[in-house]
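Good morning, colleagues. Please take a moment with the sequence and the structure before I begin.

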Amino acid sequence: MNNTINWNFDNSYSRLSNVFKEHIEPTAVKNPELVLMNEDLAEELNLDFSKIDKSELAALFTGNILPEGSNTIAQAYAGHQFGHFTMLGDGRAVLIGEHLNKNNKRYDVQFKGSGKTAFSRNGDGRAALGPMLREYIISEAMYKLNIPSTRGLAVAKTGEEIMRETQLQGAILTRVASSHIRVGTFQYVAARNKKNDLEILLNYVIKRHYLDLINSKNKALDLLNLLIDRQIDLVVNWMRVGFIHGVMNTDNMTISGETIDYGPCAFMDTYDPKTVFSSIDAMGRYAYCNQPAITKWNLSRFAECLIPLIDKNENKAVESATELIDTFGEKYEKKWLNMMRKKLGLKGEDKKDKFLIVDLLTWMHQKKVDYTNTFCHLMNLKDYDDDLYNDNDFQNWKKNWQERVKSNNNSPENYIKLMRSFNPLVIPRNHKIEKSLEAANKNNLEPFNKLLEILKKPYVQQENILDYLKMDRSSKEYKTFCGT
């Protein structure tokens, strides 16, 4: 393929030994058709698709033709899935290669839904249009909410039907990440008991993501420490916007600290800490309120992999790793409190802040109030008013909050400005996502594209979007599915 697109591949991961991956090409598809492309992301990657016709683009984004310099592989990894350890790997994804933009920033470019690999087990390696569009729109919404995330570059239909509960349109998502290396990648290598391979992976990750640690005296321990901070920052961000990942297996926790894998994910509307949307999470393991504890649990599994590299003396290594993991609770509490202070426009710290925050959340839970809209109401945005806010308990709480918010010479314009940067005015409402996917499955992309445009400016007051701000009280219990 001629390189008017400006592909600039340097495939460092595929140069690692075959322990880490399998060389494989995407399975050709019958009738490729481009559904949508992310112009903003293409620009960030310095890719120019303007001279390529639609049929060639469709062939490119389904793997029927591969870009010059690509080197397609499926990555090996393991994972604790709902607590149970399994050897996994890219069962329906192929990494095309690592593209460098003009600033030498490195991006993994990956196809999801591109056919069978050595890791497919009994799967067909394919994906359906609905779940690929869901990942595209929610990852884009997350990015615009200022939350580290993988992103979709394109979605293309394959022209083939795939069999799930019913027949569905096949599709491929082109996904971009700073890398697809996961806690599960380390678990896969650690399970083989080859210390040398583990060291290769550790050094690779540091060179690729954490150059500051290149001269560290104990790279494994310092990486663990850094990743604890990264993952706490990420989950605090999820809690900030009411995002529920739904499938926080160790193979879905990246070493870069980006949100990955938007399967049965959703955004909470009615505030309930035990909210679960995933149809496969019967025990509520990955409920909204459990996300911090599961993050810690996943980091503990990561720490176990690093034991041989932390110290020759296993007991010492376990002690050092445990000491770091035990910092999680206090670090998380501090970062979560600071985040909630910002959501409420509070300046400085006050011992009573925690009670103020917990009182609000308790009231929201008892009264089944919308999480996002309560903060919008506190920012005096009239579109978000609800009779529930006339409640006496809330009005009393509000007086205490107003008193606290004025302390430390905090002017209304200052605290509102702070609140506006931490509280989205619009989130991907579950019923809106579902309706847009339903229409897209019938080849009508208009609702999807409109929703996508609105979600690109979550902190901005936009006109005529009242319909996108409210939860749907008429719907039954909402469930999401993996789409695998």
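The largest cavity in this predicted model has a volume of about 100 Å³. A search of the whole structure finds one cavity of 30 Å³ or more. Fifteen residues, or 15 in the count, line the largest cavity, and those closest to its centre are Gln231, Leu234, Trp238, Asn252 and Met253.

Which helices each supply at least two residues of this lining? They are helix H6, residues 219–241, and helix H7, residues 291–310. Of the contributors, H6 gives the most, with four residues. As to the character of the lining, eight of its residues are polar, six are nonpolar and one is charged.

I turn now to helix packing. As a general matter, two packed helices are described by the angle between their axes and by the distance between those axes.

H7, already named for the cavity lining, also packs against helix H5, residues 195–209. The angle here is about 105°, and the axes lie 10 Å apart. With angles of 65 to 115 degrees counted as roughly perpendicular, H5 and H7 are therefore roughly perpendicular to each other. On the H5 side, the contact involves Lys195, Leu198, Glu199 and Leu202; these meet Cys305, Leu306, Pro308 and Leu309 of H7. By class, the residues of this contact comprise six nonpolar and two charged, with no polar residue.

A second helix pair is formed by H14, residues 430–441, and H15, residues 446–455. Their axes come within 7 Å and cross at roughly 140°. H14 contributes Lys432, Ile433, Ser436, Leu437 and Ala439 to the contact, while H15 contributes Pro447, Phe448 and Leu451. The contact of H14 with H15 has six nonpolar residues, one polar and one charged.

Finally, the aromatic side chains. How many aromatic pairs does the count give? With ring centres required to lie within 6.5 Å, the count comes to 20 aromatic pairs. One of them joins Phe49 and Phe61: the ring centres are 5.4 Å apart and the planes stand at 55°, so the pair is tilted. Phe49 lies in the loop between helix H1 (39–44) and helix H2 (54–60), and Phe61 in the loop between H2 and strand S3 (73–75), so the pair ties together parts that are twelve residues apart in sequence.

Note on methods
Residues are numbered from 1 along each chain as its sequence is written. This is a predicted model: local features need pLDDT of at least 70, side-chain atom pairs count only at pLDDT 80 or more; totals for chains, interfaces and linings use all residues. Side-chain values use heavy atoms; hydrogens and water are left out. On a 1 Å grid over the protein atoms alone, a cavity is a set of points where a 1.4 Å probe fits but cannot get out, and a pocket is an open set with protein on both sides within 12 Å along at least five of seven lines; lining residues have an atom within 4 Å of a point. Grid points are joined across faces, edges and corners, and a volume is the space filled by probe spheres set on the points. Ala, Val, Leu, Ile, Met, Phe, Trp, Tyr, Cys and Pro count as nonpolar, Asp, Glu, Lys and Arg as charged, and the others, Gly among them, as polar. Axes are lines fitted to C-alpha atoms, for helices over the stretch in contact, and angles run from 0 to 180 degrees between N-to-C directions. Angles under 35 degrees count as roughly parallel, over 145 as roughly antiparallel, 65 to 115 as roughly perpendicular and the rest as oblique. Contact means heavy atoms within 4.5 Å. Rings of Phe, Tyr and Trp (its six-membered ring) pair if their centres lie within 6.5 Å; planes under 30 degrees apart count as stacked, over 60 as edge-to-face and the rest as tilted.
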